[in-house]
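Reader: I should like to go through a model with you, beginning with its strands and ending at its surface. Could you show it first?
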Amino acid sequence: MRRLCVITVARSDYGYYRPLLKRIQSDPDLELRLVAGGAHLSPEFGHTARAIEGDGFPIDDYVEMHLSSDTPSGVAKSIGLGVIGFSQVFQRQVPDLLVLLGDRYEMHAAAAAALPFRIPIAHIHGGELTEGAMDDALRHSMTKLSHLHFASTAEYARRIVQLGEEPWRVTVSGAPSLDNLKDMSLMGRAELAEKHALNLDRPPLMVTFHPVTLESEQTERQAGELLAALDSCGMPVVFSMPNADAGNRIIFSMIQKFVRSRDSASLVPNFGTRGYFSMMAASAAMVGNSSSGIIEAASFRLPVVNVGTRQDGRARGRNVIDKACEREPILQGIRRAVSPEFRESLDGLVNPYGEGRAAEIILTVLKNTELNDRLIRKRFFDVPLPPDLRGFGEAGRAS
């Protein structure tokens with residue numbers, strides 16, 4: 001029996017994993033070991049580990065790593081605690097394969113801890129770009145620490161090879177979160193409203209805004225510009241929580257103040273995967289800078305006002321309206337997004353991140369890949385230099 005260890009560190013990655021976890025759990029040839037850490041264990045972020053177990057996935061190990069701080073120093077110390085905690089998990093029981101997803105610093109700590117143990121890593125959602133966040137550096141670093149790669153688009157697969165990964169290691173799988181839409185029944189408007197104490201008489205704007213970690217000095221101003229635009233638009237607003245990044249407490253505090261002073265605004269600390277997708281289906285548009293607006297929203301033909309630079313570089317559907325993080329451009333984007341003409345223009349929209357078969361594709365590779373020295377011993381795959389760099393080697397030797 002092949003033992004697969006899956007690391008989950010936040011509600012966002014768990015939603016992506018869920019279809020894959022179900023397939024691993026039901027496969028008689030596989031043993032699932034689930035390790036939860038990071039924001040999952042924090043009451044501040046809804047202690048979402050309980051929701052995982054409520055879905056029927058027992059958690060085998062926990063890694064406490066979050067300090068009660070959202071400063072750069074606090075994040076750096078949390079990374080160190082994560083490396084220690086995950087190394088202790090791997091010391092107790094070395095898995096046959098480690099499965100990681102995305103670009104979170106908590107996830108990177110697990111990859112770094114696995115390196116001395118020679119544990120092969122399968123990485124999901126590599127090759128992507130988020131140019132406004134430090135996640136870019138973490139994601140590409142995890143690519144170099146990993147041995148199998150599952151890219152959500154062909155463009156991202158090409159970029160993984162460009163990073164020096166051998167093509168046989170790379171599979172275009174699509175985004176696994178889209179698999180949820182095939183086997184998850186969404187809540188109707190009335191059930192959703194009752195479960196989360198919402199007034200959904202009018203379709204609201206669904207807002208998720210995370211810190212832009214490469215622009216941390218502008219966090220308060222950016223959140224203020226977004227909230228000013230939302231205040232001016234005259235529509236009901238439902239907020240979800242910001243990520244556990246440096247600066248999240250500033251955003252959270254400003255959202256709380258906004259919600260307390262407006263009857264038409266609500267904050268839901270933790271929707272859960274089913275609730276989050278149900279909210280997308282019930283909304284007039286999404287506003288903010290979440291990857292869910294780039295990856296999942298297209299499957300709902302949901303208009304998205306993508307604010308600022310956090311998601312710069314990611315492939316997107318024509319449902320996404322990119323706007324600078326200033327109140328007037330955001331307001332213009334909202335008005336366009338909720339117009340009947342824009343909604344009608346999304347008929348026939350195809351999601352660039354796939355059609356919901358990722359878990360099946362990923363699991364086939366995880367089951368059938370030989371666990372041998374060829375997998376562990378990585379060789380750098382060179383790609384031809386572009387014409388404007390040819391001769392670079394000769395110039396270097398001459399100097």
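Author: What follows is a short exchange about the sheet, one helix and a surface patch.
Author: This is a predicted model, in which local features need pLDDT of at least 70 and side-chain atom pairs count only at pLDDT 80 or more, while totals for chains, interfaces and linings use all residues. Residues are numbered from 1 along each chain as its sequence is written, and side-chain values use heavy atoms, with hydrogens and water left out.

Reader: In what order do the six strands of the open sheet lie?
Author: The order is β10-β9-β8-β11-β12-β13, with parallel pairing. Strands are DSSP runs of E with at least two residues, helices are runs of H or I with at least four, and both are numbered from the N terminus. Two strands pair if DSSP finds at least two bridges between them.

Reader: Which are the edge strands?
Author: They are β10 (265–268) and β13 (320–323), each of which pairs on one side only. From one strand to the next, the twist averages 20°. Axes here are lines fitted to C-alpha atoms, for helices over the stretch in contact, and angles run from 0 to 180 degrees between N-to-C directions.

Reader: How many bridges link β9 and β10?
Author: Four bridges link β10 to β9 (residues 237–240) in the parallel sense, and F239 stands opposite L267 in β10. Helix α10 (residues 248–260) packs on the sheet and touches β9 and β10; contact means heavy atoms within 4.5 Å. The direction of α10 makes about 140° with that of β10.

Reader: Turning to β12, which way do its residues point?
Author: In β12 (residues 304–307), V304 and N306 point one way, V305 and V307 the other, and all are buried. Buried means under 20% relative accessible area, exposed over 50% and partly exposed in between, with a 1.4 Å probe and protein chains only. In a regular strand the side chains alternate between the two faces of the sheet.

Reader: What are its partners across the bridges?
Author: V287 stands opposite V305, and N306 stands opposite D322 in β13. Three bridges join β11 (residues 285–288) to β12, and four join β12 to β13.

Reader: Another topic: what do the buried residues of α6 pack against?
Author: They pack against α5 (135–145), β6 (148–151) and β7 (170–172). The buried residues of α6 (residues 154–162) are Y156, A157, R159, I160 and V161. G164 follows α6 and has a positive phi, near 100°.
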